[in-house]
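Me: I've got a structure to go through and I'd like the reasoning behind the labels, not just the labels. Here it is.

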Amino acid sequence: MKTSDVRGILPRGGTILGTRRGSPFDTTDGVAKCKQTFNDLGLDALIVIGGNGSLTVASMLHKQHGLPIIGVPKTIDNDVVGTDSTFGFQTAVQIATDAIDRLHTTAESHDRVMVVEVMGRDAGWIALQAGIAGGATAIVVPEVPFDIDELSQIVRKRHDRGRYASVVVVAEGAKPKPKTLKIPERTLDAYGHEKLGDIAHAIAPEITARTGFETRVVQLGYIQRGGTPTSYDRVLSTRFGLAAVDVAHNKKFGQMVALKAGQIETVDMSVTANQTRTIDLKLFADVSATFFG
Ligand code: F6P
């Protein structure tokens, strides 16, 4: 890619390269094709920009097949081990926070409980951050299985104190405690992942059944993954990009650029492979104890 190929992309979301999900390890000749393409294009290095899946594959291609690869952590999920943040996350949190702010209006004017579902399959980063920023009544994350009775009680207590509007923020990967709530059977997508997107619909009627309060579901879905990146994400991705190019010039392959205490560093890409960085459980517990209800 030349400067002319990337000029003007800073304020844009999405993948400019036109990449898609899929692993070369899924097919027998996938890795060989990768190597062939790498050689045909005469590449010196490959900078892989992605989340856990992409970085795991990148690490395997480097470790097992010797490809000169550098990782850059990018995902709205913020669940990459080895970095304090991924780019895309802050933008998703801002979108979810703006949405929650807007939902308070209808919650308050109609005395409703809004159950807002945000992304986060294995980690509840978006739910936690947007929930705190948006003043949620309760936040439900995949890391901490929820009890629908307790959740309903939190909403009831708040209404008992004269606040008739609530916003409950739920991560799509939230799980009920065993035998507390039946959720529909899930099918798998083409990559073997459970198809999510039903948890807010499972929770809302159960809150109504237990409290009598009117509930509504709002799923933010792909809105969280699109549009204009925040200035924070633009700066972070620029810093990551600069560092990745330095790593390439220094031939430190198998490294991922990372944010650590505000500084850009590099970490061995294998630390992130097949791992999920989950939320700060202490923060979640403190917020739950102090603000929920
Ligand atoms: O990994 C990013 C992510 O947005 C997850 O938060 C979400 O679970 C998933 O992608 C959605 O993927 P799909 O578009 O395949 O449903």
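Reply: Sure. One definition before we start: a residue is buried when its relative accessible area is under 20%, exposed when it is over 50%, and partly exposed in between. By that rule, buried residues make up 44% of the 293 residues in the chain. Keep in mind that this is a predicted model.

Me: Why is Leu283 called partly exposed?
Reply: Its relative accessibility is 31%. Buried needs under 20% and exposed needs over 50%, so a value in between gets the middle label, and Leu283 counts as partly exposed. For orientation, Leu283 sits in helix α9, which covers residues 281-291.

Me: What makes Leu128 and Ile132 contacts of Leu283?
Reply: A contact means heavy atoms within 4.5 Å. Leaving aside neighbours within four places in sequence, Leu283 is in contact with Leu128 and Ile132. Don't mix that cut-off up with the C-alpha distance: Leu283 and Leu128 are 9.0 Å apart C-alpha to C-alpha, and 155 residues apart in sequence.

Me: What share of the chain's contacts joins residues at least 24 apart?
Reply: Counting contacts between residues at least 6 apart in sequence, 69% join residues at least 24 apart.

Me: How do you know that the radius of gyration agrees with a compact globule?
Reply: For 293 residues, a compact globule would come out near 19 Å; the chain has 21 Å, which agrees. As for extents, the C-alpha trace spans about 65 × 40 × 30 Å along its principal axes. The secondary structure comes to nine helices and nine strands.

Me: Let's zoom in on α2. What makes its buried residues line one face?
Reply: The buried residues in α2 (residues 30-40) include Gly30, Val31 and Phe38. Looking down the helix axis, the buried residues of α2 fall within an arc of 100°, so they line one face of the helix. Lys33, Asn39 and Asp40 are exposed on the other side.

Me: What covers the buried residues of α2?
Reply: The cover includes β1 (46-50) and α3 (52-65). And after α2 comes Gly42, with a positive phi, near 65°.

Me: Last one: how many positive and negative side chains are there?
Reply: The chain has 33 positive and 32 negative side chains, and the centres of the two sets lie 2 Å apart. On the surface side, the chain exposes about 15300 Å², with carbon and sulfur atoms supplying 52% of it.

Note on methods:
Residues are numbered from 1 along each chain as its sequence is written. This is a predicted model: local features need pLDDT of at least 70, side-chain atom pairs count only at pLDDT 80 or more; totals for chains, interfaces and linings use all residues. Side-chain values use heavy atoms; hydrogens and water are left out. Helices (H or I, at least four residues) and strands (E, at least two) are DSSP runs, numbered from the N terminus. Buried means under 20% relative accessible area, exposed over 50%, partly exposed in between (1.4 Å probe, protein chains only). The radius of gyration is taken over C-alpha atoms; the globule rule is 2.2 Å times the number of residues to the power 0.38. Accessible areas come from the Shrake-Rupley method with a 1.4 Å probe; for residues, only the protein chains shown count as cover. Lys and Arg count as positive and Asp and Glu as negative; His and the chain ends are not counted. The place of a charge is taken as NZ of Lys, CZ of Arg, CG of Asp or CD of Glu. The arc is that of the directions from the helix axis to the C-beta atoms.
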